[in-house]
Each structure stands twice: as structure tokens, then as C-alpha cells.
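Here is a quick walk through one chain, aimed at someone who likes to think in contacts and angles. Have the viewer open while you read.

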Amino acid sequence: MIQPKKVFKTADGKLGFEWNDGSRGVSPIRKLRLACPCALCVDEHTGVKILDDSTVRDDIKLVRIQSVGRYAASLAFSDGHNSGIYPYDKLKELTENA
């Protein structure tokens, strides 16, 4: 099971992870917000994204990250959105090697 060993912010404002498989990755905050898997952003029945990307500001910030059990993280953003639970395997997919 993939899990973060360390979570950090980069100098340019990206969110970074050191994973328990030895890899490292970073992701822009806006990319994480656009990939939110919650029911406000993705239709629960069809899986179709309903979030309009144009409504998310380019300068969005991450205001909180909180562990959810051993499998996911809850992210809260500066636009007030805080209902997304991101499984760690999904977060790893959203990061680029650092």
C-alpha cells in the first residue's frame, strides 16, 4: 500500500511527497484542486467530472492537508472547498517525479 513518508511544500508553492516506495513527486496545487474526487466535483453515479475548471483560480492555495486513516488525505483549498478525500495512490498519480 502506497503511503507518504514525508509531505512538504516546494519553494514554488507545489505540494510534494516522499513515498514509502522510495519515489518523490510534486504537484501544482491547482492540478490537485481540479482532480478533486468529491461528489461536488464528480457525478457520483456516472463518474463524469462536473467541476468547471474555469471557476478555479490559477493562484489557488492549499490551506490544510489532513491524513484520513492510512489510505488517503483530505485537502482544503483557499476557495473554501474541503470535501475531497484523495486516496494516496491517486495523489501519487497526480505527482510528477522530483
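What follows goes from the overall fold to one sheet, then to the aromatic rings and two buried residues.

**The chain as a whole**

Keep in mind that this is a predicted model. The chain has two helices and seven strands, and in sequence order they read β-β-β-α-β-β-β-α-β. Its radius of gyration is 13 Å, close to the 13 Å from the globule rule for 98 residues, so the chain is as compact as a globular protein of that length. If you want a box for it, the C-alpha atoms fill roughly 35 × 30 × 20 Å along the principal axes.

Burial comes next: 38% of the 98 residues count as buried. As for contact range, take the contacts between residues at least 6 apart in sequence: 37% of them join residues at least 24 apart.

**A three-stranded sheet**

Now to the sheet built from S4, S5 and S6. The strands come in the order S4-S5-S6, the sheet is open, and the pairing is antiparallel. S4 and S6 are the edge strands, each pairing on one side only. On average, neighbouring strands here are turned by 30 degrees against each other, ignoring direction.

Both strand pairs are hairpins, and they line up nicely in a table:

| Hairpin | Residues between the strands | Gly with positive phi in the turn |
|---|---|---|
| S4 and S5 | three residues | Gly69, about 60 degrees |
| S5 and S6 | six residues | Gly80, about 90 degrees |

In terms of ladders, S4 (residues 62-68) pairs with S5 over six bridges, and S5 pairs with S6 (residues 84-87) over four bridges. To find the register in your viewer, start with Ile65, which stands opposite Leu75 in S5. On the other side of S5, Ser74 has Ile85 in S6 as its bridge partner, while Ala73 is matched with Tyr86 in S6.

How covered is strand S5? Mostly: six of the six residues in S5 (residues 72-77) are buried. In a regular strand, side chains alternate between the two faces of the sheet. For S5, one side carries Ala72, Ser74 and Ala76, the other carries Ala73, Leu75 and Phe77, and all of these are buried, so both faces are covered. At Phe77 there is also a charge to look at: Arg33 lies over the face of the Phe77 ring, 6.0 Å from the ring centre.

**The aromatic rings**

How many aromatic pairs does a search of the whole structure find? It finds two. One is Phe17 with Trp19, a stacked pair at 4.8 Å centre to centre with 20 degrees between the planes. Phe17 and Trp19 are both buried.

The other is Trp19 with Tyr88, which is edge-to-face: 6.4 Å centre to centre and 65 degrees between the planes. Trp19 belongs to strand S2 (residues 15-19) and Tyr88 to helix H2 (residues 88-94), so this pair ties together parts that are 69 residues apart in sequence. Trp19 and Tyr88 are both buried as well. Taken together, the ring pairs link Phe17, Trp19 and Tyr88 into a cluster.

**Two buried residues to click on**

Ser74 sits in strand S5. Is Ser74 buried or exposed? Its relative accessible area is 11%, and the cut-off for buried is under 20%, so Ser74 counts as buried. Setting aside residues up to four places away in sequence, Ser74 touches Arg64, Ile65, Gln66, Val68, Asn82 and Gly84.

Leu91 is in helix H2. With 0% relative accessibility, Leu91 is buried too. Which residues is Leu91 in contact with, leaving aside its neighbours within four places in sequence? The list is Phe17, Trp19, Leu32, Ala73, Leu75 and Tyr86. Two of these names, Phe17 and Trp19, are also in the aromatic cluster, and two others, Ala73 and Leu75, are on one side of S5. For a sequence-versus-space comparison, Leu91 and Arg24 are 67 residues apart in the chain and 12 Å apart from C-alpha to C-alpha.

Technical notes: Residues are numbered from 1 along each chain as its sequence is written. This is a predicted model: local features need pLDDT of at least 70, side-chain atom pairs count only at pLDDT 80 or more; totals for chains, interfaces and linings use all residues. Side-chain values use heavy atoms; hydrogens and water are left out. Buried means under 20% relative accessible area, exposed over 50%, partly exposed in between (1.4 Å probe, protein chains only). Two strands pair if DSSP finds at least two bridges between them. Rings of Phe, Tyr and Trp (its six-membered ring) pair if their centres lie within 6.5 Å; planes under 30 degrees apart count as stacked, over 60 as edge-to-face and the rest as tilted. A charge sits over a ring if NZ of Lys or CZ of Arg is within 6 Å of the ring centre and within 35 degrees of the ring normal. Axes are lines fitted to C-alpha atoms, for helices over the stretch in contact, and angles run from 0 to 180 degrees between N-to-C directions. The radius of gyration is taken over C-alpha atoms; the globule rule is 2.2 Å times the number of residues to the power 0.38. Contact means heavy atoms within 4.5 Å.
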